[in-house]
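Colleague: I have the model open and would like to go through the labels one at a time. Could you tell me what lies behind each of them?
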Amino acid sequence: MWSLANITNSIHEALNNQFSAGWALFFEMLMAGIAVISLFAILGLVLVLMERKVSAWMQIRLGPNRVGPKGMLQSFADTLKLLVKEGLTPGGADKFLFNFAPVLAIIVAMLLMAPIAFAKDFQLWNLNIGVLYVSAISSVSVISILMAGWASNNKYSLMGAMRSGAQIVSYELSAGLAILSVVVLTGSLSLNDIILSQQNGWWIFKGHLPVLIAFVLFMIAVTAETNRAPFDLAEAESELTAGFHTEYSGMKFALFFLAEYVNVFIVCCIGATLFLGGWMPFHIGNWQQFNHIMDYIPSSIWFMGKTFFLIFLIMWFRWTFPRLRIDQLLTLEWKYLLPIGMINLLVVAAMAIGGWHF
Amino acid sequence: MTDEWLQETLLNSFPDLVFEPGTEWLQVTVQSQQWLPLANTLRYKADMDFDFLFCVTCIDWKTHLAMVYHLRCTTTQLHLVVKATLNPLNPEIDSVTSIWKTADFHEREVYEMFGVNFKGHPDLRLLILPDGWEGRNPLRKDFEDPINMIRL
Amino acid sequence: MFEEIGTTTDGDLIINVGPQHPATHGVLHLVITLNGETIRKVEPHLGYIHRSIEKMCESLTYRQFIYVTSRMDYLSSHINNHACAMCVEKGLQIEVPERAKVIRILLDELTRIASHELWWGAMAMDLGAFTPFFHAFRERESINDIMEETCGARLTMNFIVPGGLMADIHPNFQKRVKDFIRLYKSKFEEYNEMVTGNVIFRNRMEGVGYLSKADAISFGCTGPTARGSGVSCDVRKWFPYEGYEKIAFDEVIETGGDSLSRYMVRVREMNQSIRIIEQLIDAIPEGEYQAKTKAVLKLPKGEFYSRVETARGEFGVYIVSEGGTTPYRIKFRSPGFSNLSALDQMARGSKLGDLVAMMGTLDLVIPDIDR
């Protein structure tokens with residue numbers, strides 16, 4: 001069967017034959033770095049185009065259709081435009097923080113790539129505390145937003161950043177609780193173990209109602225954490241013009257833009273890994289024939305299919321819902337999602353102890 | 001509740017009022033210093049209740065300025081047009097912002113367009129014209145702007 | 001104005017919303033005093049698009065000045081023209097032919113629907129939902145097509161002249177209007193599903209921007225803004241013009257006084273407009289579309305006031321004539337100007353995000369406010 005793991009293994013062997021172990025590791029790291037950066041670029045292009053096409057479809061219009069076949073090169077042209085634009089720094093801004101904030105945003109997004117298993121045996125870093133790592137690193141992203149908002153010396157930016165701070169810190173709790181319910185069921189923090197535990201069925205099917213609730217909580221929380229509509233209060237186009245990145249232009253703006261989309265991609269990867277079985281194919285109980293056919297579909301396709309389905313869900317939210325108000329946003333989290341998440345975690349724990357799941 | 005009744009009732013309290021015959025709505029001319037008491041009567045006197053001030057206009061008649069207030073009662077739908085004559089050199093009249101809140105914006109507009117000084121207005125600043133506007137009031141008849149005004 | 005930028009002595013933040021801001025739909029400038037996210041004070045600064053149309057009209061003849069008025073409330077330009085033509089007709093005592101009257105009403109109501117459609121989309125966009133805007137434009141475009149065919153323009157129609165209409169309607173007019181009514185009725189449910197029934201939307205609107213009935217009257221609010229507070233003020237009902245008294249339609253009144261009530265008034269008003277159009281579209285009388293008028297119109301000495309119900313409220317034209325070919329003084333009583341003055345009262349104590357919703361429900365058109 002065609003697999004990405006074969007390619008990586010052969011590269012690994014070739015490098016080890018050619019060089020000493022240390023140099024081989026160095027080259028592997030270099031290749032991984034290049035791969036992540038190119039994945040970033042491709043994701044930026046694909047997701048922006050996807051967003052524009054999805055929104056066009058929902059808004060009964062055509063969307064970009066001029067550059068390249070069916071407008072597929074549109075986001076490439078946009079990137080080119082952003083690259084050649086002047087990156088302005090406002091006069092009263094804190095220059096270092098202002099210029100560092102977008103870089104930090106992109107660094108955080110890059111770090112999050114490490115423990116994700118993109119296909120069977122295809123993972124940058126098989127970390128035994130992958131889930132913890134992801135939750136810890138993703139909370140750093142709020143610092144870049146606060147930095148950008150504060151350093152811009154603009155009141156809209158400041159308000160956007162403050163809103164975003166309150167929002168991300170609160171919604172992380174819900175996301176954490178939702179993730180924990182799967183961790184409790186699996187008994188492991190390693191993303192790889194979590195995927196392997198779903199060999200006989202995905203958690204969303206095996207875990208009865210509580211895991212379904214956890215999944216819904218997770219989707220709501222990550223939508224808020226990535227500042228996507230209906231929780232895009234940090235940007236709030238109609239209220240704060242562009243929120244925390246009002247003053248950014250050119251490539252610095254593009255980095256924020258890219259970080260947003262990469263963050264969406266990563267949280268969807270996590271969601272797909274935890275609840276939808278990562279790269280595990282879809283299996284139904286004892287239907288050997290059916291399961292066999294499903295196994296023929298490469299694991300990378302399974303993973304990307306699930307991830308992009310979740311990305312589509314998040315885009316669907318964005319183009320259909322109005323924005324919440326700041327107090328409603330916090331009420332939703334502290335009064336509804338958090339208690340539900342806590343009770344749900346208790347139920348899941350009881351379920352895991354009793355072994356009532358499949 | 002008819003125009004005749006209104007005319008009689010008003011003349012009882014304000015004998016100086018001058019009514020104009022033959023107009024669509026009842027029209028009355030008032031001395032500018034009597035405008036505030038009249039407005040109070042029109043607004044608060046029982047079964048008069050002119051609660052809706054829908055138009056405030058100033059007219060520059062070259063010899064004098066005239067304020068025109070269009071009033072309506074939202075219950076009886078009775079109309080009244082009150083006019084007051086002002087001195088063009090030092091136009092002054094009492095503000096009715098405390099009686100009709102809409103007068104706030106309308107009076108500010110008249111203030112900058114005609115230079116009428118509304119006594120007792122809480123916040124008489126420029127509303128439409130740019131800050132630091134110097135020069136004459138644009139809607140006065142003697143206002144000339146050779147650059148922006150096009151005459152046919 | 002520029003000294004105000006900064007913070008007040010007690011630590012409140014002062015921010016400028018506008019003149020260039022996505023929520024103000026034009027060049028309105030609001031100086032907002034904020035305490036955290038809570039609004040302390042809203043101060044409108046106007047004039048960024050003031051063209052002094054009143055002064056301009058003083059040098060235009062009675063035939064010419066009507067075209068300038070299209071540029072005030074450009075979303076209901078036809079209704080503005082209507083008011084001006086009516087005022088001139090009142091002065092000259094011209095009897096407008098029945099056919100012209102009915103067509104005027106039909107176009108008025110189509111304009112009203114088009115204006116409300118745009119408002120509906122823009123209102124949803126203010127709240128952060130982009131999609132309804134495009135759905136609203138689908139229906140609005142078909143109205144614009146009807147207008148284009150009959151009037152020759154899509155936005156500033158200028159179809160009305162003193163004495164009647166500029167030209168007769170296009171032969172396709174009736175058919176296309178009926179097509180539009182069918183389209184509208186099939187899509188109306190979509191509006192309710194997409195926006196009116198949405199939980200987030202209702203939470204954002206209910207109890208927000210409360211304006212009491214007494215305040216609505218005192219601030220001189222008219223149109224849907226006042227009717228959302230329970231004030232019965234529809235000019236078409238109370239002071240009918242052009243034969244509105246013969247048409248069966250309801251004045252839409254909601255008593256909530258909040259943003260949701262103002263929203264519901266506008267949405268329901270669209271249905272009433274459809275009802276009016278349905279009654280008239282097959283009953284356009286035959287005859288002349290224009291009364292015989294002199295080439296040069298001279299209004300007699302006197303004062304003339306006429307008013308209509310535009311999509312935003314009561315629009316009044318006050319002409320003072322000295323007997324010449326041009327007005328001596330002309331005053332436009334624009335609904336937006338008075339409605340805007342209530343914004344400060346409505347917004348105090350609510351959140352910044354709600355200000356945008358309130359401005360949305362006031363349906364502000366800036367050239368109408370600035371004139």
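Modeller: Happy to. Two strands count as paired if DSSP finds at least two bridges between them. Keep in mind that this is a predicted model.

Colleague: What makes β8 (residues 314-321) of chain C a partner of β9(C)?
Modeller: Pairing needs at least two bridges, and five bridges join β8(C) to β9(C), so the two strands pair. They run antiparallel. For one bridge you can look up yourself, take C:Y318, whose partner in β9(C) is C:K331.

Colleague: Why is the sheet with the order β7-β8-β9 (chain C) called open, and which are its edge strands?
Modeller: The edge strands are β7 (302-309) and β9 (329-333) of chain C, each of which pairs on one side only. The sheet has three strands with antiparallel pairing, and its twist averages 10 degrees from one strand to the next. Helix α3 (residues 77-92) of chain C lies across β7, β8 and β9 of chain C, at about 150 degrees to β7(C).

Colleague: Back to C:K331, then. How do you know that C:K331 forms a salt bridge with B:E109?
Modeller: The cut-off is 4 Å between a side-chain nitrogen of Lys or Arg and a carboxyl oxygen of Asp or Glu. In this pair the closest N and O atoms are 3.6 Å apart, within the 4 Å limit, so the pair qualifies as a salt bridge. The count between chain B and chain C is seven salt bridges, and 19 residue pairs are in polar contact across that interface.

Colleague: Which element gives the most to the side of chain B that touches chain C?
Modeller: That is β3(B), with eight residues. By class, this side of chain B has 22 nonpolar, eight polar and 13 charged residues. In total, the contact takes 43 residues from chain B and 43 residues from chain C. The area buried between these chains is about 3,700 Å², with 56% of it from carbon and sulfur atoms.

Colleague: What makes A:R163 and C:E37 a salt bridge as well?
Modeller: The reasoning is alike: the limit is 4 Å, and the closest N and O atoms of A:R163 and C:E37 are 2.5 Å apart, so this pair also meets the rule. The count between chain C and chain A is two salt bridges, and nine residue pairs are in polar contact across their interface. On the side of chain C that touches chain A, β2(C) gives the largest share, five residues. That side has 18 nonpolar, eleven polar and six charged residues.

Colleague: How much area do chain C and chain A bury between them, and which three residues supply the most on chain C?
Modeller: They bury about 2,600 Å², 61% of it on carbon and sulfur atoms. C:E37, C:F130 and C:I200 supply 21% of the area that chain C buries against chain A, more than any other three residues. The contact takes 35 residues from chain C and 24 residues from chain A.

Colleague: Finally, how do you know that no contact joins chain A and chain B?
Modeller: Contact means heavy atoms within 4.5 Å, and no contact joins these two chains, whose closest C-alpha atoms lie 23 Å apart. Two pairs of chains do touch, and the most contacts among them are between chains B and C.

Technical notes
Residues are numbered from 1 along each chain as its sequence is written. Chains are lettered from A and ligands numbered from 1 in the order in which they are written. This is a predicted model: local features need pLDDT of at least 70, side-chain atom pairs count only at pLDDT 80 or more; totals for chains, interfaces and linings use all residues. Side-chain values use heavy atoms; hydrogens and water are left out. Buried area is the accessible area (1.4 Å probe) that two parts lose on being put together, summed over both. A polar contact is a pair of N or O atoms within 3.5 Å; within protein, one must be able to donate a hydrogen and the other to accept it, and residues adjacent in sequence count only if both atoms are side-chain atoms. Helices (H or I, at least four residues) and strands (E, at least two) are DSSP runs, numbered from the N terminus. Ala, Val, Leu, Ile, Met, Phe, Trp, Tyr, Cys and Pro count as nonpolar, Asp, Glu, Lys and Arg as charged, and the others, Gly among them, as polar. Axes are lines fitted to C-alpha atoms, for helices over the stretch in contact, and angles run from 0 to 180 degrees between N-to-C directions.
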